[in-house]
Amino acid sequence: MKAGGEPIGRRIIAAEPDPRHTAPVAELKQPGWQQELARAVRDPLELLALLGLTPAQIGSGETDASLRAAASGFPLLVPRSYVARMRHGDPRDPLLQQVLPIGVERLPVPGYGADPLGELEARATTGLLHKYQGRALLISTGACAVHCRYCFRRHYDYAADVDEGSPRWTAALDHIAADASIEEVILSGGDPLSLGNTRLAQLLARIGSISHVRRIRIHTRTPVVLPERVDAGLLSALKPYRERLAIVVHANHPAELDDATRAALRELATQCSALLNQSVLLAGINDDVDTLAALSGSLFGAGVLPYYLHQLDAVAGAAHFAVDDERARTLHSSLAACLPGYLLPRLVRELPGASGKTPLV
Ligand code: SF4
């Protein structure tokens, strides 16, 4: 938030259409996931109506106007299949809370800002962050399939990094090709799986042709919120890189993993060497041992290993999700007591300028 209480602007870019979709509609039908995304819920009042809720049930002082004002800087976006996993009539539903804009987001909180991880300082060139030794992070797109209210990049200026013209990603790829110390390229955004299969395949091919890049990592929340995205075209786009590909999905709550999502994750697991999950510890959503243990168990059942449990990044608009470090450590230690080691995510925080994630335990 700015000092005056106005939300900091974030450039929202709609999920990118596959280039084939410039052809007449009669000739080419959109893939199912793009059709699903086109009909995603974008209005907070529509979302509440679908769940049989009113603004007053969300919190005292919430009104039609307060919800819409909260959505003005960082709009609501949620696929209908994700809404279908929410409990009807429950204003505290853990999935609803992750996506519903609320009035408190507009209140300035000391210590919470637009660039909590100092990413502007880490920008090596257009579309490329070089924070960690041997790894570079490519901002592949500004689009996502969902807008998470706690997102640390909710104010990120994607306009400066996402080149809508052609050729795209050129500066970032040239930088990677010129620096032989970069062994791993991390595709981030936004969400890389917002790219159509053709564009994603083009990007992977260009990265894959750089001989010193030994690993490619994709960070994505899309398979969790929009499992239709894991289609045959995506699986074949990933297949040539399977042996050097890690995919990190992002699930925060076991209720996110319905049958369709688990099936999609199992398919995804066939096309990469490691399928991992990172969660954010979120007050009122997953800050209890039973929920976190159930999440780890469900992930394992879907072929995914828990990787990180992140402390919230101090991004403006998300302070109400914070869990203090002492409580986070207590939760993690209780989790360690009831889970085998391979199902225990590492509790970490990311600090601006640090050479890697900082363990809290
Ligand atoms: S999907 Fe990821 S990048 Fe997109 S809004 Fe959610 S947390 Fe942020």
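Here are some notes to help you find your way around this predicted model.

1. A good place to begin is the main sheet. This sheet is open and has ten strands, in the order E1-E2-E3-E4-E5-E6-E7-E8-E9-E10, and the pairing is mixed. At its edges stand strand E1 (123–125) and strand E10 (358–359). Each of these two has a single partner strand, so one side of each has no neighbour in the sheet.

2. Now follow the chain from the E1 edge. E1 and strand E2 (residues 128–132) run antiparallel and are joined by two bridges. Within this pair, Thr125 stands opposite Leu128 in E2. The hairpin of E1 and E2 has two residues between the strands, and Gly127 there takes a positive phi near 80°.

3. The next step along the sheet takes you from E2 to E3. These strands pair in the antiparallel sense, over three bridges, and Tyr132 faces Arg135 in E3 as its opposite residue. Their hairpin also has two residues between the strands; in this one, Gly134 has a positive phi near 85°.

4. Strands E4 and E5 show the other sense of pairing. E4 (residues 184–188) and E5 (residues 215–220) are parallel, with four bridges between them. Here Glu184 stands opposite Arg215 in E5. Helix H8 (residues 197–208) packs on the sheet, where it touches strand E3 (135–139), E4 and E5. The direction of H8 makes about 160° with that of E4.

5. Have a look, too, at the loop between E4 and H8, where Gly190 is found. Gly190 is joined to Gly189 by a cis peptide bond, with omega of about 15°. Gly190 is also one of the residues that surround the ligand, which links this loop to the next point.

6. Which residues surround the ligand? They are Cys144, Val146, His147, Cys148, Cys151, Gly190 and Arg221. Sorted by character, the residues of this shell divide into four nonpolar, two polar and one charged. As for where to look, the space taken by the ligand is the largest pocket.

7. For a short tour on screen, you could start at the E1 edge of the sheet, pass through the hairpin with Gly127 and the hairpin with Gly134, stop at the cis bond between Gly189 and Gly190, and end at the ligand with Arg221 among its surrounding residues.

Methods. Residues are numbered from 1 along each chain as its sequence is written. This is a predicted model: local features need pLDDT of at least 70, side-chain atom pairs count only at pLDDT 80 or more; totals for chains, interfaces and linings use all residues. Side-chain values use heavy atoms; hydrogens and water are left out. A residue is near a molecule or strand if one of its heavy atoms lies within 4 Å of it. On a 1 Å grid over the protein atoms alone, a cavity is a set of points where a 1.4 Å probe fits but cannot get out, and a pocket is an open set with protein on both sides within 12 Å along at least five of seven lines; lining residues have an atom within 4 Å of a point. A molecule sits in a cavity or pocket if more than half of its atoms lie within 2 Å of its grid points. Ala, Val, Leu, Ile, Met, Phe, Trp, Tyr, Cys and Pro count as nonpolar, Asp, Glu, Lys and Arg as charged, and the others, Gly among them, as polar. Two strands pair if DSSP finds at least two bridges between them. Contact means heavy atoms within 4.5 Å. Axes are lines fitted to C-alpha atoms, for helices over the stretch in contact, and angles run from 0 to 180 degrees between N-to-C directions.
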